[in-house]
Amino acid sequence: MSGIPLGVLDLVPVPSGSTAAEALGNSIDLARRTEAFGYARYWFAEHHLNPGVAGTSPAVVLALTASATGTIRLGSGAVQLGHRTALSTVEEFGLIDALHPGRIDLGLGRSAGRPQPRSGEPAPPATPVVGGYTPNGLRIPDRFSFAHLLGHPRVALQQKLLNLPGAQPQDYAEQVDDVLALLRGEYRTPEGVEAHAVPGEGADVQVWILGSSGGVSAETAGRNGLRFAANYHVSPASVLEAAEGYRAAFKPSAELDRPYLTVSADVVVAKDDETARKLATGYAPWVRSIRTAEGAIPYPTPAEARALPWSDADRALVADRVDTQFVGSARTVADHLDRLQEATGADELLITTITHDHADRVRSYRLLAEEWQRRR
């Protein structure tokens, strides 16, 4: 375990009673702090139309953060390609790399609400799951279905506002191919017309693919010999399938001679288990707001969360996420992360933490880093 780096995934959460500007300031401060704590990379997620999440543009936020930090790698986790073109993505990250060369990760993801074809049914994961647990005790819940959101007016509204007007959605794997060709300076139309992105062409960015299953994202990462991030914190039921699908599809490239995997985890660390559970009280209603298409609410205080109405249906709606959030003392959480790494064979782990108070969030990352370093 001594060689497993930790990274940060930040949604730029907006706590209740706060503003998007304050959330952005907190995230930049957290990036500075986690750089000092020894975290390897800091990624910003992309989400839209969520009152409680201000991370709408990873490229903009990481450009601001790059100027406030010095060594930590910065990137997107992930750019949603369905909302932009390959060229705009390469140009944006090329601009940032021009001023901060060698520090930028370009994480590419699919856009929500756009199902993609699969090449076939996934093979059973190499790590067996019995009764909802792997042999080492990692929780693997039943799959969560988003069928209740099909045709939801807010989902339709998001697609209307985010999709490029009049454009036919491009196949995700083709978009990734275009991004890679533009970065290498090898883009050609079928008629042989060249395109050169300046800045962007030749940028020293590290390309990652993010995915939640063993489908098109894992296959695209493997086929191109790219790094892959599997989302345990979003889709814990399919994390093993995602890891195995990526490895099965992997072909060596100029970038990598073997698969390279990071796996995300939702974490809250405090001085003891009881305090951590209190800090994590707002997580369940926050997840509920996302899964009902309401949009992520401003992250509530523990008291605000306890005052919200709650039902058995609500509990079932968020059970897989709540059951797989790692909450407790640094020792407790590090033990969970050990199990996650062992079950998935991850080369890195990506930590996302949300608490209402910024000081608690900073402390969570600090305590985890200290415990992780003690185990090296």
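Me: Starting with R73: buried or exposed?
Reply: R73 counts as buried, because its relative accessibility is 18% and the cut-off for buried is under 20%. Please note that this is a predicted model.

Me: Which side chain does R73 meet in a salt bridge?
Reply: The partner is D105, with a distance of 2.7 Å from N to O. The pair connects distant parts of the chain, since R73 belongs to strand 3 (residues 73-76) and D105 to strand 5 (residues 104-109), 32 residues apart.

Me: And D105, buried or exposed?
Reply: D105 is buried as well, at 0% relative accessibility.

Me: How many salt bridges does the count come to?
Reply: The count is 24 salt bridges.

Me: Let us take another one. What does D338 pair with?
Reply: D338 forms a salt bridge with R375, and their closest N and O atoms are 2.8 Å apart. This pair also links distant parts of the chain: D338 sits in helix 12 (residues 330-344), while R375 is in the segment after helix 13 (358-374), 37 residues away.

Me: How accessible is R375?
Reply: R375 is partly exposed, with a relative accessible area of 28%.

Me: What about E371 and R374; where do they lie?
Reply: Both are in helix 13, three residues apart, which is about one turn of the helix. Their side chains meet in a salt bridge of 3.0 Å, N to O.

Me: Which of these two is buried and which is exposed?
Reply: E371 is buried, with a relative accessible area of 11%, whereas R374 is exposed at 58% relative accessibility. Salt bridges with shared partners bring both residues into one network with D335, D338 and R375.

Me: Changing topic to empty space. How many cavities of 30 Å³ or more are there?
Reply: There are two cavities of 30 Å³ or more. The largest has a volume of about 60 Å³, and the second largest has about 30 Å³.

Me: What lines the largest cavity?
Reply: Its lining consists of P13, P15, A23, N26, T355, H356, D357, H358 and R361. Helix 1 (20-37) and helix 13 each contribute at least two residues to that lining. By class, the lining holds three nonpolar, four polar and two charged residues.

Me: And the second largest cavity, what is that lined by?
Reply: The residues are E46, S57, P58, A59, V79, R84, E92 and F93. At least two of the lining residues come from helix 2 (58-66), and at least two from helix 3 (86-99). They divide into four nonpolar, one polar and three charged.

Me: Now pockets. What volume has the second largest pocket?
Reply: The second largest pocket has a volume of about 390 Å³.

Me: How many residues line this second largest pocket, and which lie nearest its centre?
Reply: The pocket is lined by 13 residues, with L180, R184, V207, L226 and E255 nearest its centre. Helix 5 (172-184) and strand 6 (206-211) are the elements that give two or more residues to this lining. The largest share, three residues, comes from helix 5.

Me: How does the lining of the second largest pocket look by class?
Reply: That lining has seven nonpolar, three polar and three charged residues.

Definitions and conventions. Residues are numbered from 1 along each chain as its sequence is written. This is a predicted model: local features need pLDDT of at least 70, side-chain atom pairs count only at pLDDT 80 or more; totals for chains, interfaces and linings use all residues. Side-chain values use heavy atoms; hydrogens and water are left out. On a 1 Å grid over the protein atoms alone, a cavity is a set of points where a 1.4 Å probe fits but cannot get out, and a pocket is an open set with protein on both sides within 12 Å along at least five of seven lines; lining residues have an atom within 4 Å of a point. Grid points are joined across faces, edges and corners, and a volume is the space filled by probe spheres set on the points. Helices (H or I, at least four residues) and strands (E, at least two) are DSSP runs, numbered from the N terminus. Ala, Val, Leu, Ile, Met, Phe, Trp, Tyr, Cys and Pro count as nonpolar, Asp, Glu, Lys and Arg as charged, and the others, Gly among them, as polar. A salt bridge is a side-chain nitrogen of Lys or Arg within 4 Å of a carboxyl oxygen of Asp or Glu. Buried means under 20% relative accessible area, exposed over 50%, partly exposed in between (1.4 Å probe, protein chains only).
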